[in-house]
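Got the viewer open? Let's take a walk through this one together, one selection at a time.

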Amino acid sequence: MTVALETTNLVKQFGGLTATDNVSIQFEAGARHALIGPNGAGKTTLINLLTGMLKPTSGRIILNGVDITDASPQRRVRLGMVRTFQINQLFPDLTPLETVGLAISERRGDGADFWRVAGTKPGLNQEIADILDRFRLADVMNAKTSILPYGKQRLLEIAVAIACKPKVLLLDEPAAGVPDEERHEILSSIAALPKDVTVVLIEHDMDIVFAFSERISVLVNGGVFTEGPAAEVARDPRVKAVYLGESLDA
Amino acid sequence: MTEPTPTAKLAAQGILARARWHPLEFVFWIAAFSAIWLLPNKHLILTEIAWLALFALSLDLILGYAGILSLGHAAFFGVGSYAAALLAKHGIITEPVLALVAAGLIAAVVGFATSFLMLRGADLTRLMVSLGVALVLRELANKFSDLTGGADGLQGVTMEPILGRFRFDMFGHNGFAYCLIVLFVLFLAARRLMASPFGLALLSVKGNPLRARAIGINVDARLVTIYTIAAFYAGVAGGLLAQTTAFSSLDVFSFDRSADLLLVLIIGGTGYLYGGLIGAVIFKVMQDYLAVLTPQYWPFWIGLVLVVLVMVGRDRMLRWTEPVRTLANRLDWRAKGQGQAS
Amino acid sequence: MLTILFDGIAYGMLLFVLACGLSVTLGLMNLVNLAHGAFAMAGGYVLVILVNNLGVPFWVSIICAFFVSAAIGFVMEKAFYVHVYRKPHLDQVLFTIGLVFMSVAAADFAMGSSQVFARIPQALQGQIHVFGIGMGRYRLLIIAICGALALGLQYVLVYTRFGSRLRAAVDDQRVARGLGINVGNIFALTFAFGSGLAGLGGALGTEILGLDPTFPLKYMIYFLIVVTVGGTSSITGPFLASLLLGIADVAGKYYVPKLGAFVIYTIMIVVLIWRPQGLFARAANK
């Protein structure tokens, strides 16, 4: 098995607070890997470190054999690691069509093209259309993102990431706050991702976690508490104690 | 190649929406150009409107499209103005069009160099840095008075005819046509620019720099580029002022000029390219009227307009531009409807 | 040499009193108030009118300048500023530039465009010599008043109930409201106090800075430098920045008059790039 993404002894401190505590974790190529843990366990901080939104205090991050610890966020995207956000981070003035088109243009390296009118490159429109169809955004493709209903925005949030054709996709609570009918669309679109894409999922909803993931890492207080195949972790009484119990009660 | 799917056909249409010309735009430009023949005795003020419009368009590129708040945009206007005046005075480039391009390029170089200062920090930092750059340039122009004429301004500039044929006449006839053509050409370029992937990327950076980075956009590079382009535009605007008046003085760098410019753009509305143009017309007409009434207290009225604009709310005040935008949208929808039916 | 240092300190102290209100509104309320100088100008004109035209004693007039500016500040806050706290910075900039332009034109209309001076009492004129250093009495007075104010402010902000309420209101408005703190009033009072200090500074400064209708524009950049260089997280930052700016400006004008304000603007840009949070700010993770 090849390792797609790996951290070694990753530490992030904010002043006196250690948000990420010596995390060494490996995500295998094509894995369906979930990161779980109680609130404040440092899951989102870890994602921010992986994607370059934060700089680690110490430790290394390796993506497909390349040390990206000091790489800029956009370089990591070009190297194939893309994330979604727990809270929608979209472009209010653009339409879904333009948003997806922009992501694809950037990926193809046309993003700095300031003379050709957007959308005149061959094959681009078909690719945009396929993604819009897949995420049921075709009917609202020309509406401004800022006026879309929440569920559609959530779909767009993930569609943009997919448009970047990631090799490693980090999903930060993709189904958070989504009404049931649209939740299904999101989950099926994630399930339909190509097998060679490594997917890292942060999720609170245990149904989703167990339906989706083969492997689970449990984070507690910034460190890796335990890790293993999904079924094993699910049976682990200590995990129940620190996390599952709490969330099942809720 | 397989046949594109229905969604792809719609996407192909929709993504061109920003590039598509709206009928009102033709009306606007036909009206503007017909002023060459219809308003011959207004050409002097129309000339001022034309270069002010270009200057405001330049600010719109960075404020309306990239979200950079600047209080020192006069810096580039000033550089362009002095450059154009000096090139003519010392006979370096005597042909105005070439000199204008050179003035724009010099301003662009200054813009590029200072753009890196604008990348860091929040609104206030950017505001202070832009203001500081304009002030530093003004001080420089003041100190190197041998070159710039200092506080007296740069006098004794004579302009050669445009393209060697059209002389700057005292009624401003040729000057206006010249400014309008320059404005139109640069407007077309800006329009094209904003319909490109680059333009979309800018809007995305303005809307959400965090996500822009997360889809692989090099945010800093985009901002540097647009800041440089905007400096070029501002430099050309300043060059037009110097060429049409055969004069340049320290007040091209002044804070008032940058502040007035914000007002011009805000009256017309940001982020759709015509705001600066429309704002320039309103501003100059207002100035012409009020300045005659009370020349000394003209700033009071500018101030009042600014205060009222903010208090009432820019969105609400600018609702009059909405019909233009909604009409554009509606036409789009109709086009889409037909696309779906066929 | 030492006289220049002395003049610089006096100038810096004055700048501090003028600008510290701005530091509070910017740092605590996140308001970009470019019109701060207008309140200072108001204080200056109050002094001039009272002393020159009405013959009110200098001391009384100085205090009046504080209260008049504070009152104007209070009214303006309640009537206008309160609506722009939550607006984007662009709106704040537009709005406050608008106020600057209006105040400049209005002062021109009411007081004429020429520079005016207040008559200062005989006792404050001239110099005294200590250890061979010539010190203007008036400047000595400024240092004394402004120094006392700086200490007082520090005390109020850090040790008093009002100070802690203000800090609470700023840290989290919702929580502060929940604790029964009247956030609106706290902000209005703070704004008024800052304006009053500006008015006081403007009144004290007529002798040194000069007073004419363009005052708010001319000194806007200086106030902003104090605040941005000093940072807004404490009173000490702007205080040190004011002293530095005051000394640098006086020394610069004396030693390298040709370079003029160039040095100061350049330093400002460098500092902003180097430490966007301000030179004396704590390494805040805001």
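Start with chain A and pick A:Glu173, which sits in the loop between β7 (168–172) and α6 (180–191). Keep in mind as you look around that this is a predicted model. The phi angle of A:Glu173 is near 45°, a positive value in a residue that is not glycine. Is this residue buried or exposed? A:Glu173 is buried, because its relative accessible area is 10%, and the cut-off for buried is under 20%.

Stay in chain A and select A:Asn221. You'll find A:Asn221 in the loop between β9 (215–220) and β10 (223–229). Here too phi is positive in a residue other than glycine, with a value near 50° for A:Asn221. The surroundings are another matter: A:Asn221 has a relative accessible area of 63%, so this residue counts as exposed.

Next, show chains A and B together. Which chains share the most contacts? Of the two pairs of chains in contact, that's chains A and B. Here 37 residues of chain B are in contact with 44 residues of chain A. The area buried between chain B and chain A is about 3,700 Å², and carbon and sulfur atoms give 65% of that. To see where chain B contributes, highlight B:Ile15, B:Arg211 and B:Ile215: they supply 20% of the area that chain B buries against chain A, more than any other three residues.

Now go inside chain B and select helix α4 (residues 74–89), where B:Ser81 is found. B:Ser81 counts as buried because its relative accessibility is 0%. What does B:Ser81 touch, leaving out residues up to four places away in sequence? Turn on the side chains and look for B:Gly235, B:Gly238, B:Gly239 and B:Ala242, along with B:Ser248 and B:Val252.

Swing around to where chain B meets chain C. There, 39 residues of chain B are in contact with 44 residues of chain C. About 3,600 Å² is buried between chain B and chain C, with carbon and sulfur atoms giving 81% of the area. On the chain B side, click on B:Met128, B:Val310 and B:Met311: these lose the most area to chain C, together 17% of what that side buries.

While all three chains are on screen, check chains A and C. No contact joins chain A and chain C, and their closest C-alpha atoms lie 9 Å apart.

For the last stop, hide everything but chain C. Its secondary structure comes to eleven helices and two strands. Trace chain C from the N terminus and you'll pass four helices, then the two strands, then the remaining helices: α-α-α-α-β-β-α-α-α-α-α-α-α. Along its principal axes, the C-alpha trace of chain C spans about 55 × 45 × 35 Å.

How does the radius of gyration of chain C fit with that of a compact globule? Chain C has 286 residues, so a compact globule would have a radius of gyration near 19 Å, and the 19 Å of chain C agrees. Buried residues make up 55% of the 286 residues in chain C. Among its contacts between residues at least 6 apart in sequence, 77% join residues at least 24 apart.

Finally, switch on the surface of chain C. It exposes about 12,200 Å², and carbon and sulfur atoms supply 67% of that area. Colour chain C by charge and you'll have 17 positive and 9 negative side chains, with the centres of the two sets 7 Å apart.

Conventions. Residues are numbered from 1 along each chain as its sequence is written. Chains are lettered from A and ligands numbered from 1 in the order in which they are written. This is a predicted model: local features need pLDDT of at least 70, side-chain atom pairs count only at pLDDT 80 or more; totals for chains, interfaces and linings use all residues. Side-chain values use heavy atoms; hydrogens and water are left out. The radius of gyration is taken over C-alpha atoms; the globule rule is 2.2 Å times the number of residues to the power 0.38. Buried means under 20% relative accessible area, exposed over 50%, partly exposed in between (1.4 Å probe, protein chains only). Contact means heavy atoms within 4.5 Å. Accessible areas come from the Shrake-Rupley method with a 1.4 Å probe; for residues, only the protein chains shown count as cover. Lys and Arg count as positive and Asp and Glu as negative; His and the chain ends are not counted. The place of a charge is taken as NZ of Lys, CZ of Arg, CG of Asp or CD of Glu. Buried area is the accessible area (1.4 Å probe) that two parts lose on being put together, summed over both.
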